[in-house]
Amino acid sequence: MYILVVEDEEKLVKLIKRVLEEERYQVDTALDGAQGLEMALIGSYDLIILDVMMPHVTGLEICKSLRDEKSTVPILMLTALDAIQDRVQGLDVGADDYLTKPFAFDELLARIRALLRRRINPEDPVNTILKVEDLELDLSKHEARRHGKHIELTSKEFALLEYLMHNKGQVLSRDQIINHVWEYDFDATSNVVDIYIHYLRNKIDGHFSRKLIKTVRGLGYSIRVD
């Protein structure tokens, strides 16, 4: 499952990200509302966690914008505000649930599970299988296939491929990939992204005439069908 966390407290963001990744969620983060809104509009997420009070664009504004665009993604609001009218306002603009800071991470995880259960239709494979051309990534079984042939991937290769496929057609920078697949404190000057893209290409594209993983010189990488 793919979660976006939009929160301007950097320490809290890192903690939430670590806790969610320990539960095997894939996590993107944004530290201000403007960036968060952009990511929410262009990304494909199973759930979004929004702080209410943020610079530039508030969580309430993000939520309203997504609902105005007919997005049905579940939204969990986080806030230090605990007045009833504040919770009502969040729910009125389209939030699905509301959690007041400080909170226990067990409760956060329970609310996430509840929201995701409501979203998933067990008869709808789109919720668990990503597809690009003849490449399939089964998130529930943690399996990759191309043209029906099983492809063995390491956990990092799987996470990298999932990130690319969730954002198919978009160019992802090395920094974006590092922040998503690796940790915040990972050495951004490392060539680890290029190395793992090379590994993926060998496994995903190596035996096929149609190449899916593209390099956009000076910008990053993308998975798409030209």
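This is a short tour of one predicted model, moving from a sheet to a loop and then to two helices.

Residues are numbered from 1 along each chain as its sequence is written. Because the model is predicted, local features need pLDDT of at least 70 and side-chain atom pairs count only at pLDDT 80 or more, while totals for chains, interfaces and linings use all residues, and side-chain values use heavy atoms, with hydrogens and water left out.

Select first the open sheet of five strands, which has the order β2-β1-β3-β4-β5 with parallel pairing; strands (E, at least two residues) and helices (H or I, at least four) are DSSP runs, numbered from the N terminus, and two strands pair if DSSP finds at least two bridges between them. At the edges stand β2 and β5 (97-100), each with a single partner strand, so one side of each has no neighbour in the sheet. Within the sheet, β3 is joined by four bridges to β4 (residues 75-79), and I49 has L76 as its bridge partner in β4.

Next, select P55, in the loop between β3 (47-51) and α3. P55 is partly exposed, with a relative accessible area of 35%, where buried means under 20%, exposed over 50% and partly exposed in between (1.4 Å probe, protein chains only). Beyond its neighbours within four places in sequence, P55 is in contact (heavy atoms within 4.5 Å) with D8, D32 and G33.

Move on to helix α3 (residues 59-68), whose buried residues are G59, L60, I62, C63, L66 and R67.

Finally, select helix α7 (residues 174-181), where I177, I178, H180 and V181 are buried.
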